[in-house]
Amino acid sequence: WLQYRSSYLCELLRRKGRGTVEDSSCCPMCHRTRAVMRCRECFGGTLLCGRCCVENHRQHPLHRIEEWTGDSFKKTSLRELGLVMHLGTHNTQSPCVNPSIKTLVVLHTNGLHSVAVNFCGCRHNLAGYQQLLQASWYPATPLNPETCVTIELLELFHLLNLQGNTTIYDFVKVMEMTTDGWLLERIPDRQQSFTTVVQEWRHLCMLMRAGRGHEPDGIPTTKPGELAVQCRACPHPGYNLPDNFRDVPKGHSYLYWQTVAVDCNFRLKNRYRHSNNLDVTLSHGWAYFVEQKGYLEYVKRHANQQEVRMSTCAGFQAMLQANLKKAKGLNATGVVGVACSRHELWRPNGMGDLQRGERCCNVDYVLVAALLGVTLRLLIMYDIACQYFKLFWTRMLGLPAGMRLAIPSIKQVVTKVPKGHLRAHEDACQGPFSLNYTNGAAETDGEGIERLWSWLNKAAPSAKEMTQASRHELLDDFCGYTNWRKTLGLCDILARRLLDAIKLAKTQRAEFQAFDARVREHAPEEVDGWEAMLEDWQNDHTQPCPYVSTQPRVTFNAVRLALLHDEERDMQGCGVVAANNTPTSFICLGLEVENLQYDLPVLIVTIHC
């Protein structure tokens with residue numbers, strides 16, 4: 001490219017001037033007037049006279065126009081050249097007999113524009129805001145609007161915000177710099193108007209996706225969670241399950257389990273902001289956040305209820321640390337979320353604010369709200385499941401009458417700890433709460449909700465400074481976008497998982513059968529005893545768990561110390577022997593070298609980074 005660099009630069013400089021067009025050239029359309037106007041948006045940037053430029057842009061009122069002054073181009077506008085946009089059913093050939101002319105500020109992808117608009121005032125025509133919407137201009141207010149945002153700009157910002165985390169402040173600043181990069185003219189401040197329009201646009205997009213515009217009863221009859229994007233791969237009776245799915249053998253019932261994960265996120269805080277403006281909620285629990293009024297009333301009544309029993313479990317201690325965190329100046333210290341753990345999509349009404357730490361009353365309400373109507377067997381994963389579910393069924397009796405799990409029996413609910421969090425728990429939790437020992441869990445790790453948090457945390461800085469209603473609209477929108485992207489990729493993900501499962505099943509089955517035959521050959525009675533113990537525990541979890549070791553844990557240092565004592569006793573009377581020349585020291589040195597070999601590649605990567 002370097003050999004063409006000068007040519008590139010010359011062509012870019014040519015673009016700043018008239019190019020190959022002579023200064024005295026006539027308009028190529030009318031051939032009468034001198035060509036001095038150029039459009040920055042039209043292909044080729046052909047110079048025209050002022051009148052022809054206006055005629056060419058009656059359907060493109062938001063193009064950027066420049067006027068040649070004799071030695072350079074200066075900015076002008078179609079409004080200054082006399083262009084007036086006609087709304088409604090009228091146009092230039094048949095103008096309205098009762099017009100209402102007004103100048104609007106319009107935000108478009110190429111900056112801010114001042115546009116003269118002719119509203120139709122005929123009796124049979126629509127209101128002004130409806131005329132603007134039909135022209136694909138979104139008014140900032142339905143009452144005497146002065147600012148509009150084009151639908152094209154809203155769609156662009158919506159994607160940039162969801163995918164690129166572009167904030168409203170940065171986007172408006174880009175629009176202002178696009179309008180006047182030299183800051184020589186006074187640009188009207190439209191950030192507040194744009195913020196209002198974006199909040200309304202998010203809400204309307206969710207309504208359109210859910211099909212609420214085609215409902216005879218309209219928007220007010222929207223049910224809780226109805227605007228959420230559902231997981232198509234999760235079991236839904238009457239939609240994607242066979243009629244006799246409840247009659248399948250017990251060994252295959254896991255195919256129709258509903259698996260969910262619960263977790264709390266303390267990055268999604270919300271500051272308390274005093275304002276005299278009314279904080280209006282557009283969707284009252286219609287998407288992912290629960291309805292606030294009933295939720296806060298329940299939390300207020302049960303904020304001082306008895307929490308889970310004291311425990312030495314590390315997972316429970318982590319929850320206590322969260323409850324002790326400071327909450328001064330915050331409306332919310334974080335959020336509690338419920339997601340489909342197998343396919344990693346947020347559940348409808350599966351999110352709610354935390355007022356102080358990770359209290360059970362907050363988690364109870366959101367978990368039950370996310371599972372309302374579910375009649376299938378549940379596999380629930382929570383990082384403190386070992387303690388949280390001890391009093392869960394007792395606390396559930398205090399929930400409102402309309403919030404009860406439709407589960408036939410408590411035995412239909414299986415609770416586990418995600419694999420990444422289980423390591424921090426005590427020994428007694430390792431067997432009963434491990435997904436590795438759960439029939440039907442397959443390769444589910446339970447950590448999918450952590451991956452969902454990583455995407456949602458991008459919105460944390462913006463959400464922290466918003467009002468409560470605006471924050472909920474923003475997070476609802478991010479959750480919907482995440483669910484939609486996951487839905488689009490389900491076909492590829494499920495196909496890839498199926499191929500991997502077939503391959504691994506063959507390998508694992510062959511290895512297990514060989515191992516099982518070998519063990520039965522040498523200890524058949526012990527294997528029968530293990531199988532009986534496992535069956536008893538699976539039918540009744542109050543029985544001893546076969547996966548929990550009954551032998552005391554022996555550490556490496558304890559074994560080393562015992563061996564050294566034995567060597568010291570054996571070598572008494574044999575003379576002086578160096579401590580580092582004993583068999584025990586030799587074995588320990590070999591183990592240390594092996595550990596260093598494992599750590600060496602990680603250390604090399606760390607040094608290079």
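Let's start at Thr 167, which, neighbours within four places in sequence aside, is in contact with Phe 157 and Ser 462. You can find Thr 167 in the loop between helix H4 (151-164) and H5. With a relative accessible area of 24%, Thr 167 is partly exposed. Please keep in mind as you look around that this is a predicted model.

From here, let's step along the chain to Glu 185. Thr 167 and Glu 185 are 18 residues apart along the chain, and their C-alpha atoms are separated by 24 Å. Glu 185 has a partner of its own: it forms a salt bridge with Lys 75, with the closest N and O atoms 3.2 Å apart. Glu 185 sits in the loop between helix H5 (168-179) and helix H6 (191-209), while Lys 75 belongs to strand S4 (residues 73-76), so this pair ties together parts that are 110 residues apart in sequence. Both ends of the bridge count as partly exposed, Glu 185 at 42% relative accessibility and Lys 75 at 40%.

That bridge has company, for the count of salt bridges comes to 19. Another one joins Arg 212 and Glu 226, whose closest N and O atoms are 3.0 Å apart. Here both residues lie in the loop between H6 and S10, so the pair ties together parts that are 14 residues apart in sequence. Arg 212 is buried, with a relative accessible area of 3%, whereas Glu 226, at 31%, counts as partly exposed.

A further salt bridge is found where the side chains of Asp 353 and Arg 471 meet, at 2.7 Å from N to O. This pair links distant parts of the chain, as Asp 353 is in strand S14 (residues 345-354) and Arg 471 is in helix H16 (residues 468-488), 118 residues apart. Asp 353 and Arg 471 are both buried. Salt bridges can also join up into a group: Glu 344, Asp 445, Arg 451 and Lys 486 are linked in a network of them.

Now let's turn to the nonpolar residues. The largest nonpolar core has 46 residues, and Tyr 382 and Tyr 388 are those with the most contacts inside it. Several elements each supply at least two residues of this core: strands S10 (258-265), S13 (334-340) and S15 (378-382), along with helices H7 (292-302), H9 (360-370), H10 (385-388) and H11 (392-396). The largest share, nine residues, comes from H9.

What surrounds Tyr 382, leaving aside its neighbours within four places in sequence? Tyr 382 is in contact with Val 262, Asp 263, Cys 264, Glu 358, Val 363, Tyr 388, Phe 389, Lys 416, Val 417 and Pro 418. There is also a second, separate core of 34 residues, which includes Leu 162, Tyr 288, Leu 452 and Leu 474.

Our last stop is a pair of helices. Two packed helices are described by the angle between their axes and the distance between the axes. For helix H19 (residues 556-570) and helix H20 (residues 583-608), the axes come within 9 Å and cross at roughly 155°. An angle over 145 degrees counts as roughly antiparallel, and H19 and H20 are therefore roughly antiparallel to each other. On the H19 side, the contact is made by Phe 556, Arg 560, Leu 563, Leu 564 and Glu 567, and on the H20 side by Pro 583, Thr 584, Cys 588, Leu 591 and Glu 592. Sorted by character, the residues of this contact are six nonpolar, one polar and three charged.

Conventions: Residues numbered from 1 in each chain as written. Predicted model: local features only at pLDDT ≥ 70, side-chain atom pairs only at ≥ 80, totals over all residues. Heavy atoms only, no water. Axes fitted to C-alpha atoms, helices over the stretch in contact; angles between N-to-C directions. Helix = DSSP H or I, 4+ residues; strand = E, 2+ residues; numbered from the N terminus. Parallel < 35°, antiparallel > 145°, perpendicular 65-115°, else oblique. Contact = heavy atoms within 4.5 Å. Nonpolar A, V, L, I, M, F, W, Y, C, P; charged D, E, K, R; others polar. Core = buried A, V, L, I, M, F, W, Y, C linked by side-chain atoms within 4.5 Å. Buried < 20%, exposed > 50% of the residue type's maximum accessible area, 1.4 Å probe, protein only. Salt bridge = Lys/Arg side-chain N within 4 Å of Asp/Glu carboxyl O.
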